[in-house]
Amino acid sequence: MQVIVTADIGGTHARFALARLDGGRVTSLSEPVTLQTAGYATFPNAWREFERRSGGEMPRDLVIAFAGPVGGEMLKLTNNPWQIRREQIRDELGLEKLTIVNDFAAVAHAVAMCEASELHHLCGPDVPLPDKGVISIIGPGTGLGVAALVRKASEPYEVVETEGGHIDFAPVDPLEDRLLVELRGRFRRVSVERIISGPGLANIYDLLGLVEGQKLTIRDERALWAAAIEGSDALAVQALERFCLSFGSICGDLALAHGAVAVVIGGGVGLLLKDKIGQSGFRDRFVAKGRFERRMSEIPVKLLANKEAGLFGAAVAFAQEHCRRAG
């Protein structure tokens with residue numbers, strides 16, 4: 001039995017837990033501690049707060065699911081000023097083993113090892129995830145995470161880390177044309193995560209207010225999402241419907257690019273959409289790929305209903321890496 005620290009570091013939150021490993025598998029997670037990244041100048045400061053709240057000395061093995069590229073010595077969060085230097089962190093925290101994976105690679109590891117009951121069916125054939133082929137893992141949060149899970153019938157699975165959330169946004173109707181033009185006035189380049197992410201809903205909401213000549217009454221992102229989900233503001237509801245339409249198009253594009261046999265949606269915003277996607281135009285946009293419409297209609301799309309997917313998946317990645325080395 002081995003205990004490690006698992007951390008899920010995003011643009012908004014830093015989450016920590018203790019994971020128990022046995023025989024190369026994750027057997028349990030402790031209750032997570034969630035911290036605001038804006039409240040701590042550095043990762044070590046957040047680690048020390050987790051250590052203080054846990055009330056005991058931390059294990060010397062750490063895995064981090066990191067919201068940004070993880071190659072090289074210096075790592076920088078895409079949507080937050082935190083920087084992590086591998087060797088500096090290892091030395092400062094007195095670590096023995098340190099593994100860092102992309103945050104959505106961690107979600108892909110979670111999908112690889114999750115129970116079928118954790119997958120909520122959204123559209124396409126209501127069948128289990130195939131045991132062979134590429135599964136696209138996609139999820140909006142502070143940004144838009146994308147990874148690929150490659151399953152092979154008789155070999156260990158592989159996870160491919162990507163920055164697919166930064167591909168160019170491709171509008172498919174006049175309103176999205178207008179959205180692209182407006183966002184080009186604010187950003188040098190408009191990637192898909194400018195629309196499909198937590199902050200992306202506000203970008204859509206702003207455009208709808210402009211087009212319809214309505215005064216915008218909600219300026220806080222959290223309040224906007226609450227109003228959209230609860231249905232308490234008509235313009236917020238319209239923005240969420242448009243969000244789901246664009247999300248369907250983007251998921252379909254990524255599935256085509258990956259040659260995917262299935263799609264799994266993860267991330268914090270994905271969980272908020274659990275009961276909304278099926279009532280929206282997501283499915284129609286997902287399959288609307290011209291000559292590939294039939295193929296798209298045969299792809300199962302599911303939602304990973306696991307709030308701790310990042311922490312669990314990071315621990316799985318640690319176990320996979322070090323058990324393979326030991327083997």
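A residue counts as exposed when its relative accessible area is over 50% and as buried when that area is under 20%. In the predicted model described here, E230 has a relative accessibility of 62% and is therefore classed as exposed. This residue belongs to helix α6. The C-alpha atom of E230 lies 38 Å from that of P44, the two residues being 186 positions apart along the chain.

A contrasting environment is found at I100, a residue of strand β8, which spans residues 97–102. With a relative accessible area of 8%, I100 falls under the 20% limit and is therefore buried. When neighbours within four places in sequence are set aside, the contacts of I100 are with I64, F66, V70, L75, I84 and R86. For R86, which is 14 residues from I100 along the chain, the separation of the C-alpha atoms is 8.7 Å.

Strand β10 was examined next. This strand comprises residues 133–140, and eight of its eight residues are buried, so that β10 is largely enclosed by the rest of the structure. Two pairings involve β10. With β11, the pairing is antiparallel and extends over eight bridges; within it, G139 is placed opposite G145 of β11. The connection between β10 and β11 is a hairpin of three residues. With β13, β10 runs parallel, and five bridges join the two strands. I138 has I265 as its bridge partner in β13.

Within β10, S136 illustrates the enclosure of the strand at the level of a single residue. The relative accessible area of S136 is 0%, and the residue is therefore buried. Beyond its neighbours within four places in sequence, S136 is in contact with A147, L254, A255, H258, A260, A262, V263 and V264. V263 also takes part in strand pairing, standing opposite V301 of β14.

Strand β14, formed by residues 301–304, is covered on both faces. In a regular strand the side chains alternate between the two faces of the sheet. In β14, V301 and L303 lie on one side and K302 and L304 on the other, and all of these residues are buried. Strand β13, residues 260–265, is joined to β14 by three bridges in a parallel arrangement. Strand β9, residues 119–123, runs antiparallel to β14 and is joined to it by four bridges. In this pairing L119 is set opposite L304.

The cysteines were then considered. A disulfide is a covalent bond between the sulfur atoms of two cysteines. No disulfide is found in a search of the whole structure. C123 takes part in none, the nearest cysteine sulfur being that of C251 at 8.8 Å. Since a disulfide requires sulfur atoms within 2.5 Å, this separation does not meet the criterion. With a relative accessibility of 10%, C123 is classed as buried. C244 is likewise in no disulfide; its nearest cysteine sulfur also belongs to C251, at a distance of 10 Å. The relative accessibility of C244 is 2%, and this residue is therefore buried as well.

The largest pocket has a volume of about 1,300 Å³. Its lining consists of 45 residues, and those nearest the centre of the pocket are H13, G141, T142, G268 and V269. Two or more lining residues are contributed by each of β1 (2–9), β2 (13–22), α3 (103–113), β10, β11 (144–152), α6 (221–230), α8 (268–272) and α11 (309–326). The largest share, four residues, is supplied by α8. By class, the lining is made up of 14 nonpolar, 22 polar and nine charged residues.

The second largest pocket has a volume of about 150 Å³. The residues that line it are V111, C114, E115, A116, L119, D126, V127, P128, L129, R151 and K302. This lining contains seven nonpolar and four charged residues, with no polar residue present. Among the lining residues, L119 is also the residue that stands opposite L304 in the pairing with β14, and K302 is one of the buried residues of β14.

Technical notes:
Residues numbered from 1 in each chain as written. Predicted model: local features only at pLDDT ≥ 70, side-chain atom pairs only at ≥ 80, totals over all residues. Heavy atoms only, no water. Buried < 20%, exposed > 50% of the residue type's maximum accessible area, 1.4 Å probe, protein only. Contact = heavy atoms within 4.5 Å. Pairing = 2+ DSSP bridges. 1 Å grid on protein atoms, 1.4 Å probe; cavity = no way out; pocket = protein on both sides within 12 Å on 5 of 7 lines; lining within 4 Å. Points joined across faces, edges and corners; volume = space filled by probe spheres on them. Nonpolar A, V, L, I, M, F, W, Y, C, P; charged D, E, K, R; others polar.
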